[in-house]
Amino acid sequence: MKKKFMFLLAIVLLVLTACGKDQAQEAITLKDQTGNDITFPQDKPSVFFFITTYT
């Protein structure tokens with residue numbers, strides 16, 4: 001049963017990956033904790049992390 005589930009999950013992930021776009025059409029802009037706009041470049045890969053706190 002576990003092998004069937006993993007196979008089905010792999011097929012679903014493959015289909016979802018194939019449906020995606022190669023690159024974002026617009027620049028990604030987020031706000032940091034002080035309200036400044038941060039824009040991520042689209043010409044090279046970048047990694048960013050979200051750290052959230054609930055007060």
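**Close-ups of a predicted model**

**View 1. An exposed pair, Asp-37 and Lys-31.** Both Asp-37 and Lys-31 are exposed in this predicted model. Their side chains meet in a salt bridge, with 3.1 Å from N to O. Side chains of opposite charge can pair when their charged atoms come close. How many salt bridges does a search of the whole structure find? Just 1 turns up. Lys-31 belongs to strand 1 (28-31), and Asp-37 belongs to strand 2 (37-40).

**View 2. The largest pocket.** Rolling a probe the size of a water molecule over the atoms shows where empty space is left. Here the largest pocket holds about 240 Å³ of space. Its lining brings together Leu-30, Lys-31, Asp-32, Gln-33, Ile-38, Phe-40, Phe-48, Phe-49, Phe-50 and Ile-51. So Lys-31, seen above in the salt bridge with Asp-37, shows up again in this lining. Which strands each supply at least two residues of the lining? That would be strand 1 (28-31) and strand 2 (37-40). Sorted by class, the lining comes out as 7 nonpolar, 1 polar and 2 charged residues.

**View 3. A nonpolar patch on the surface.** Phe-5, Met-6, Leu-8, Leu-9, Val-12, Leu-13 and Leu-16 make up this patch. Taken together, these residues have about 690 Å² of accessible area. Zoom in on Leu-9, which sits in helix 1 (residues 2-19). Is Leu-9 buried, partly exposed or exposed? Leu-9 counts as partly exposed because its relative accessible area is 37%, and that class runs between 20% and 50%.

**View 4. Stepping back to the whole chain.** For orientation, the protein has 1 helix and 2 strands, and from the N terminus on the order is α-β-β. Of its 55 residues, 2% are buried. The accessible surface adds up to about 5900 Å², and carbon and sulfur atoms account for 64% of that surface.

Terms used
Residues are numbered from 1 along each chain as its sequence is written. This is a predicted model: local features need pLDDT of at least 70, side-chain atom pairs count only at pLDDT 80 or more; totals for chains, interfaces and linings use all residues. Side-chain values use heavy atoms; hydrogens and water are left out. On a 1 Å grid over the protein atoms alone, a cavity is a set of points where a 1.4 Å probe fits but cannot get out, and a pocket is an open set with protein on both sides within 12 Å along at least five of seven lines; lining residues have an atom within 4 Å of a point. Grid points are joined across faces, edges and corners, and a volume is the space filled by probe spheres set on the points. Helices (H or I, at least four residues) and strands (E, at least two) are DSSP runs, numbered from the N terminus. Ala, Val, Leu, Ile, Met, Phe, Trp, Tyr, Cys and Pro count as nonpolar, Asp, Glu, Lys and Arg as charged, and the others, Gly among them, as polar. Patches are made of residues with over 30% relative accessible area and no salt bridge: like charges are joined within 9 Å, nonpolar side chains (Val, Leu, Ile, Met, Phe, Trp, Tyr) within 5 Å. Accessible areas come from the Shrake-Rupley method with a 1.4 Å probe; for residues, only the protein chains shown count as cover. A salt bridge is a side-chain nitrogen of Lys or Arg within 4 Å of a carboxyl oxygen of Asp or Glu. Buried means under 20% relative accessible area, exposed over 50%, partly exposed in between (1.4 Å probe, protein chains only).
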